[in-house]
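Please find below some notes on the model, set out as numbered points. They cover two loop residues, a set of paired strands and one helix packing.

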Amino acid sequence: MPSLLERDAHIDRLDHLLAECLGRAGRVALVDGPLGSGKSELLRVFAARAAERGVLVVGAGCSAQERDLPFGIADRIARSPGWPAGHAERLAALAEPALLADPAERAGGTAFRGSVLDDTTLDGASLNSTSLNGTSFNGTGAVGDPAGPPSPALLRACRDLTTALLAAAADTPVLLCVEDIGHADEASLHFLRHLVRHLPQSRVLLVLTDGSTPWPARRRLHAELLRHPHAHRLALAPLSRAGALRLVTEGLGEEDARHRGPGLVDVAGGNPLLLHALVDEHLDRADDPEPRYGPALLSCLHRAGPGVLRVVQAQAVLGEEAPAEDVARLLGERESADAVTRIRATLTAAGLLDDEGRLRTEAARTAVLEDLAPHERTELRLRAAQLAHETGSPAAEVARHLVEAGRAPAPWAVAALTEAAEHALLDHRLPTAVACLRLAHKEAAEENDRAVLRHRLAQAEWQLNPSVAARHLAPLTAAVRAGHLGLAEALVLVRYLLWHGRSEEALAVLDLLRARTRPASPAETGALRDIETWLAHTHPGLARGRRVPALPADLRHAVAPDVDPQLRAAAALAGALTRGRAAEAVDRAVQVLHDAHLHGRTPWAEEAALLALRVLLDAGRADTAAVWSQRLLGTAARREVPTATALYSAAHAEAALRLGEPTTAAEHSRAALTHLSPTAWGIAVGLPLGTLIVAESRTGEHRSAAKHLTHAVGEAMFQSLYGLHYLFARGEHYLATRHGHAALADFLSCGELLRTWGLDGAGVVPWRTQAADAWLRLDNRDRAWRLIHEQLSRADADLPHNRGPALRLLAAAGPAGRRGPLLTEAVDLTEASGDRYEQVRVLTDLSRVHQAAGNKRRARLLLRQALHLATMCALKPLAQELLSVSADLGESGPADDEAREPGGFGALTESERRVASLAVLGYTNREIAGRLYVTASTVEQHLTRVYRKLGVRRRKDLPADLRAGLRKTG
């Protein structure tokens, strides 16, 4: 049995009254307090103490459901077991309800009305709500209003029952307990008042419990009972914080209470009933997942009466900040705001609401709403939406109620849902936008409106999961054919269809749009040309022979007012990539990336940003692409847009791979395939999948890479650049696992596709370089040499990321005498491109050249630098190869070589070591300056001193151990 905390004074007071009663001085005690304050528990404990002293305990509880049963409480008291023999039958006979009325009254005369407020009013203001299950709203659920004097029959029944009860208590003292008298029927209340007047000379202690609400009805009842000198009032208050913490400690133990006690006390607000429920829930959580706080709260609210619960439910629907006027209006009467205010004050005093009159937890709000029947909840939500609409509330507020109701039965409701969805999209609240658009589409009456709403819904769902949005593609295609969608929506549909590999449907839509395009509308023709330009780059297998007629020069920049300008940007960047002019489009690409945050909700924004990143990669600006992709990824993640997050993760992975960071590339590729499943990626899955395969091949995770190659990809993917990316990656994996013929086949297939698409001059993938590598591994130097010369004769051959690998392979395919100069140039080029993977390969080959020339010291320095980069970048296969070469060179370790350096590491200052270590890692002077917050001139001066102290001439001669030396000092 839980202890009664902070109730000792009340028990002592009741004990004192019982002692007086035993001395033939009957007393009455009214115990009142807020809901859940422990009145029943106090009464139970005291009754047990009284029974131990030989007192007959007679109890009866009142309930709102039995308030209309005449003389119900009196009858229950009279029929209680334990009355002395010879008295029980007489008491039961006298409590018969049929004795209450005269024959005339039974025939239709005036019924008895008690001397307290009628139960259909609350301080004179009715709170009827016909919308809630057709029942009237009762603000108190309590006792009634005076309506005339009691009948003579009732007076006789009360007198006779009182006399019989006192006679039964003459020899045996009686503790008479009546709980919740606010719910007693009127006749029983009259009996209790009559009994109270005759207690002073008896051996009866009458203990009544009731709430402490400030309503006039209850105040009058209490005043009438307590006006007698032998009547006493015991007021219970919620537990103090110290008392509440003690209760939690007794229930949970000191250790758990120390961690969880304050939180539980905050939720319960000092209410003992709720505190016990929370403690029990915590103790039984493993076995009983159902929370007990909600049921305990509902128990309190139900005991307070249906009107109280209705107020709390209305407030939960409107929101915790809803003013009393709005709550009353929702319940049907404008004049009852004062009653709502009083109910809130009562619940706040009980700890059921916080000091601001709000439910304390979301679980509480859920519990009171779930207590409504489904149709009641729907009707209440619809009424709340209508009231919000009529009072000019924001569309988001109106839409919230409509979505909860699941209905929008009026035109204004559909309009509010649409407006709320647009605001939600602007604020990147995608689930809210989707919920609003789904309901608006369901309830819209006009077919045109339904088509537009379906398109907006597909666009919102696309940002969450393209697989979910795919269910709209067939209906949207039909809507385009029927003319219910405009050019802008149709062009977005083409992109979605292509994403899911539905190329025939996409081309059919394009043909339809082309046929409908008016010759006199250059803006529409320009939009179609933009989509064709984009198609020629991203899906070149579908674009050949499907060109829109050329426009006059003065009309080429006209833009259709309803077409996304980001489509124009995407087309411009795609056109530059198709023509192999990425370097010329860098400024445009950077501008698109700068403005990306302004166009986050437009359907072509992500495509334009991805093409901008592609321009930077093809222009040899992988470092810049990595910075921008990381920035875009962070923005998409903060906005919780899964599709954009996945796309930018894949883009960042590719940039990291270009920089020779395979672990980072693999990490972000896996993240991209987590944010969107492979199915949701559609044919674009070739992008993250291809990057992941290459990254894992370079880190030696060949089994995992091979597993990714078993992923089912459709033929439609190979009509796009995503398929080309995947095919090239597969060739890289075969090359890394020594399957030269398979690798060569994939690289040559890439070349064949590019020639078929007319994109061989665009430099999409360096297939010639990789095919040459495969020929070299198959010991066919002639074919490798021809492919390398073809690569070096291309327009983009001078870009460092293209020329460096080509020169490395040219050195391997050519005569030994030319290898040194070619590889020396390749080292500078790979350093400029930032590709550490290629740096390792070039340094390794150059080390072998010096070894063959007998310069073992130089060979060891280069080898150590390559090994350091390979280890740092987790290039395990290359690192293992370098270790075997190191053994052939008789590598003696860093300490011995350091001792042989002219000045040794010890001669370098800390700042010189920092600069030199970054130079060893391949950073340019400008990058080192940015990292160390110094000028480029300072970096040059430091490097000059480092060269002199270590006895080297150039950056490439710096020993790799400088990085380890830096860690020792740092």
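**Notes on the predicted model**

1. Tyr-933 counts as exposed, because its relative accessibility is 75% and the cut-off for exposed is over 50%. The model is a predicted one, and the remarks below should be read with that in mind. Tyr-933 sits in the loop that links helix 48 (925-932) with helix 49 (936-950). Its backbone deserves a look as well: phi is positive, about 60°, although Tyr-933 is not a glycine.

2. Glu-640 is another non-glycine residue with a positive phi, here about 60°. The loop that holds Glu-640 runs between helix 31 (622-638) and helix 32 (642-658). With a relative accessibility of 61%, Glu-640 counts as exposed.

3. On the strands, I start with strand 3 (residues 174-179). Five of its six residues are buried, so strand 3 is largely enclosed by the rest of the structure. Buried here means under 20% relative accessible area.

4. Strand 3 pairs with strand 2 (residues 56-61) in the parallel sense, over six bridges. One point for checking the register is Gly-61, whose bridge partner in strand 3 is Glu-179.

5. Strand 3 is also joined to strand 4 (residues 204-211), and these two strands run parallel, with five bridges between them. For the register on this side, Cys-177 stands opposite Val-207 of strand 4. As a general reminder, side chains in a regular strand alternate between the two faces of the sheet.

6. How do helix 26 and helix 28 pack, in angle and in axis distance? Helix 26 (residues 522-538) meets helix 28 (residues 565-578) at about 45°, and their axes are 8 Å apart. That angle makes helix 26 oblique to helix 28, because it falls outside the ranges for roughly parallel (under 35 degrees), roughly perpendicular (65 to 115) and roughly antiparallel (over 145). The crossing of helix 26 past helix 28 is left-handed.

7. Which residues make this contact? Helix 26 contributes Gly-526, Ala-527, Asp-530, Ile-531, Thr-533, Trp-534, Ala-536 and His-537. From helix 28 come Leu-567, Arg-568, Ala-571, Ala-574, Gly-575, Leu-577 and Thr-578. Sorted by class, the contact between helix 26 and helix 28 has eight nonpolar, five polar and two charged residues.

Key: Residues numbered from 1 in each chain as written. Predicted model: local features only at pLDDT ≥ 70, side-chain atom pairs only at ≥ 80, totals over all residues. Heavy atoms only, no water. Axes fitted to C-alpha atoms, helices over the stretch in contact; angles between N-to-C directions. Helix = DSSP H or I, 4+ residues; strand = E, 2+ residues; numbered from the N terminus. Left-handed = near helix turned anticlockwise from the far one by under 90°. Contact = heavy atoms within 4.5 Å. Nonpolar A, V, L, I, M, F, W, Y, C, P; charged D, E, K, R; others polar. Buried < 20%, exposed > 50% of the residue type's maximum accessible area, 1.4 Å probe, protein only. Pairing = 2+ DSSP bridges.
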